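Q: Please take a close look at one surface position in this model. Please then follow the structure outward from there in one connected account.

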Amino acid sequence: MLLCALLWAPVSVCAQQVGSIRGVVYDKDFETPLASATVTVAEKDEKTTATEEGNYVFPQLPAGTYTLVFTKDGYTPQVKPNVLVVAGQMTEVDMWLSGDFVEMEEFIVQDIQFESGTESALLELRLESPSLMNSISADLISQAGASDAASALQLVAGATIQEGKFAVVRGLPDRYVNSQMNGVRLPTADPDKRAVHLDQFPSTIIESIQVSKTFTPDQQGDASGGAVNLVLKAIPDEPVLKFNFGSSYSTQVTNKDDFLSYKGGGVNLLGREDRDIPSDGNFGGAAGLSSTHAPYDGKWSLAAGGKRQVGDITVGGFGSLFYERDSSSYRDGIDDKYWVEHPGDPMTPQYVQGSPDQGDFKTQLFDVQQSAEEVKWGGLGTLGLEVEDHALTLLYMYTRTAEDVATLAEDTRGKEFYFPGYDPNDPRHPGNQERDAAPYLRMETLEYTERTTQTLQLRGRHTLLDPDLEIKGGVSFLAPEFDWLVAQSSSGLLQPDKRQFGSLWWAESYNPGYPPYLPPSTYPSLFRPFKPAANFTMGNFQRIWKDISEDSTQYQTNLKIPFEQWSGDEGYLKFGIFKDQLKRSFQQDSFSNFNDNSAQYSGDWDDFWSDVFPDENHPVTAAAMDVDYEGEQDISAWYVMEDVPLCPYFNLIGGLRFETTDLSIVNSPEREVTWIPPGASGPVRLNPGDADVSFSQKDVLPSLGFELKPLAKVTLRGSYSQTVARQTFKELSPIQQQEYLGGDVFIGNPYLGMSSLKNYDLRLDYTPYQGGLASVSYFFKDVKDPIEYVQRNAGFTYTTPVNYPNGTLSGFELELRQEVGHFWKRFEGLSLGANATFISSEVTLPDDEAAGFDLPNIRAPMKSRNMTNAPEHLYNFFMSYQLDTLGLKGTQLSLFYTVRGDTLVAGAGQSNGKFVPDVYELEYGTLNLSLAQKIGENCKVTFQAKNLTNPEIQKAYRSEYIGDDVVKNSYKKGMEFSLGLGFEF
């Protein structure tokens, strides 16, 4: 078969649009195959008759959801609704008919919903997919109150979200996860990652989220943790018009007068503003933040579509518009930095720009307040054209998100730590006598950002002529299926106005003088500039303009050749070609009040120097330390795969993917830019061409899996595959980057290589009845050259990516779904579900890093640690109850509880010769409630309550060398309540 596959290899395609249904009809009383039963596809009025062995097949059905009707004289008819036909796959449906048929004049199927976004349909998809798949439907997303793709993904077993935006599957973060939309990987303008921001796609345009957790050759080679595919709303079979709107209340935002913003801040109606910095000089506008009344939160969406038959041609269309305003705020946050100065000592605050021995230093124990407001809008449009064996679909999607974030961070606890009982109102206090020792610090950051994503996708599906070819051994080839895709996509991030203002404060200080020549006096309280780390030459006020864009052109083709074996079982050969050409442009211009060293302002701590700073004489000029770059990433691949049914209950699925990665970066540094060449002890000037990158790699990625069905309701799947993980542009650019005033410095590594993975998976599914599921999975991943971040020192502390020698990740997934009404009729409509993932991970430290932890001034020996972003466990529990049986017609109650276990977010390191332990995000759970009431046939009212437990979200330092955890970050999101009204016609 493989030889036959290779002969067909030059031709290929992307997303199949035709599938098949087959199965066996049994006599329920005697448990034997039932001959000559009639099977009808209700929607298409297609019929077939079962063979003497009870077998039946519908070989050519367009992808969608169907209802099967089983009849035979002398037997009771049976109806099987919501049978999902997946493009390019075979759906298995067996049926048992009982005797004692009562003759009926007419059998009519009525009020059957043909929705592909239902849980039952996705359960069928799970069982038929060649890879291990988990999905979540639009129904469940709506019930859970998930507003966007990011929050919805957390309901999938083994999946979670990093930084509220990026997909993490089975503990593997963005570089190991391929995020797609309708099978197309989108570009991203994120400055740090090659990962799509899932929070920009609202749930109103999503039909389902499908997560393939194992690699097959027709997937992209970096789907190591999984491929997350957002399936958008499709053209409906029947005309539909939907309108929804709603408003929300937040316990930490609504009607508050302490919402942080600034003069000229906020987001306008369309999230599009002209804030470009025009030239050098004293820029107008605010330098710092102020309080205002909280904005209004609300959203609306509109969708319409349908199909129409014109002769032999079916034409259809679907359109959707959405708009949302949202805001968030917290005032009780902390962001602290600690370390161990000497082995065996307790954790103490980190200090910068000096040391306690010198009496001139700063700490980093910040109390944080932050407010953010966001507007999100966009649209989706789809046009389709179908004839019997051919189909064309054109899709366009656009989203725009504008966000304005105001952050206030103040360090007053550092002075208290070094001077216990410190009183800022006592000029004679020792803490006020040493004014430069841990002074009060205030940092104000105003950050306005616009993000856009758009994609234009044209795809076609064609069923070719049946070759009527039979080869030796009784193998017959069926009609080949060809499909193709061309997609042009782009993503942009415009940050036209990021402002940062830093100040330190001295309280009044008593000066005894030198009587009688100099009388005693008191120095007044005073603000002074707080500047970035010493390796930067900027002042205490910065404005940054940033523009990032990515453009992607993607081509895919597939050719699938189904065949039928002597047993009547179907398999297929499949070939494909893939090409993705991506270009990124990064531009940044920074401005600051350079050499403004004598600046000062007399005032109390409650005064804000930033209020008057723009009116003072502080010339702001352009920096000469920015680096622009142009990056390109070209991925080309071809593959061959085969699904071979060795017998009616055992299939082998395997093949190879040949993939080439070409990645390049050309830097354009300004005259004062420095970098740290490999092996250098400190920064040197970066000249054009010094740090440019040209990387190329070819990979052969095999995959082999099996599907065993020992019993009608039991499926065992196994898989072995090899995949890769790529570097990002930022990680390869060896230039110094600092995102905010006083923040960590990041320097890329031009010698960073790709990671490779060997993946092993096993899953057992038991489906005792329609809608019921019990499942257990085991997975193991062996990672070579995993990319991890470490801390280095070159006169200042910075973070850089390196390839660790190796790593492993393994775990178990458990899933359970039950329709309680199946067991107790009085609980008809009650659905319960739960899933749990348990993860164990480890990476081996490079020899030089391990040796560093063994130094006499550190003495924290370690050879390995957990992988970053791999939670120890994930739990999801949900309940959905249609309350019709309790007399509450049209009422639905849903509860969802999700738990994310402790997760390593930053590995241990050293800073200025001090030990900095691992940083973990601590476990927390989220409880959401939804209550929906249908009014009449066309209206529904929905009440939702999110984050009812309002947990404290914390990060903490953790190590066996420091005793108990030490909290590093902490804040609360608050609870949110919303009310929505929807109409459907």
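**From a surface strand to the interior**

A: Leu 302 is located in strand β20; strands (E, at least two residues) and helices (H or I, at least four) are DSSP runs, numbered from the N terminus. The model is a predicted one, in which local features need pLDDT of at least 70 and side-chain atom pairs count only at pLDDT 80 or more, while totals for chains, interfaces and linings use all residues. Residues are numbered from 1 along each chain as its sequence is written, and side-chain values use heavy atoms, with hydrogens and water left out.

Leu 302 has a relative accessibility of 36% and therefore counts as partly exposed; this class lies between buried, under 20% relative accessible area, and exposed, over 50% (1.4 Å probe, protein chains only). Leu 302 belongs to a nonpolar surface patch together with Leu 241, Phe 243, Phe 245, Trp 300, Leu 321 and Phe 985, and the patch has about 640 Å² of accessible area in total. Patches are made of residues with over 30% relative accessible area and no salt bridge; nonpolar side chains (Val, Leu, Ile, Met, Phe, Trp, Tyr) are joined within 5 Å, and like charges within 9 Å. The areas come from the Shrake-Rupley method with a 1.4 Å probe, and for residues only the protein chains shown count as cover. Two elements, β17 (240-250) and β20 (298-310), give two or more residues to the patch. β17 provides the largest share, with 3 residues.

The loop that precedes β17 takes part in a salt bridge. Glu 207 pairs with Lys 233, with 3.8 Å between the closest N and O atoms; the criterion is a side-chain nitrogen of Lys or Arg within 4 Å of a carboxyl oxygen of Asp or Glu. Glu 207 lies in strand β15 (residues 206-212) and Lys 233 in the loop between β16 (226-232) and β17, so this pair ties together parts that are 26 residues apart in sequence. Glu 207 is buried because its relative accessible area is 9%, and Lys 233 is buried at 17%.

β15 and β16 are also paired directly, in the antiparallel sense and over 6 bridges; strands count as paired if DSSP finds at least two bridges between them. Within this pairing, Ser 208 stands opposite Val 231 in β16. Both strands belong to an open sheet of 5 strands with mixed pairing, in the order β10-β15-β16-β13-β14. Its edge strands, each paired on one side only, are β10 (133-137) and β14 (184-185).

Arg 185, in the numbering range of edge strand β14, belongs to a salt-bridge network with Asp 222, Arg 657, Glu 659 and Arg 726. Inside the network, Arg 657 and Glu 659 form a salt bridge whose closest N and O atoms are 2.9 Å apart. Arg 657 counts as buried because its relative accessibility is 2%, and Glu 659 is likewise buried at 2%. The structure holds 33 salt bridges. Another of them joins Asp 497 to Arg 499 at 2.6 Å between the closest N and O atoms; Asp 497 is buried at 1% relative accessibility and Arg 499 at 6%.

The nonpolar interior comes next. The largest nonpolar core contains 50 residues, and those with the most contacts inside it are Tyr 176, Leu 809, Phe 853, Met 867, Phe 915 and Tyr 957. Such a core is a set of buried Ala, Val, Leu, Ile, Met, Phe, Trp, Tyr and Cys residues joined through side-chain atoms within 4.5 Å. At least two of its residues come from each of β22 (338-339), β31 (481-506), β48 (773-784), β52 (830-844), α8 (847-853) and β58 (914-916). A second, separate core has 37 residues, among them Ala 146, Ala 152, Ala 167 and Ile 235.

Beyond its neighbours up to four places away in sequence, Phe 853 touches residues including Leu 845, Ile 858, Met 862, Ala 908 and Phe 915; contact means heavy atoms within 4.5 Å. Helix α8 also holds Ala 851, which is partly exposed because its relative accessibility is 43%. In strand β48 lies Ser 777, which is buried at 1% relative accessible area. Leaving aside neighbours within four places in sequence, Ser 777 is in contact with Arg 170, Leu 762, Arg 763, Gly 811, Phe 812 and Glu 813.
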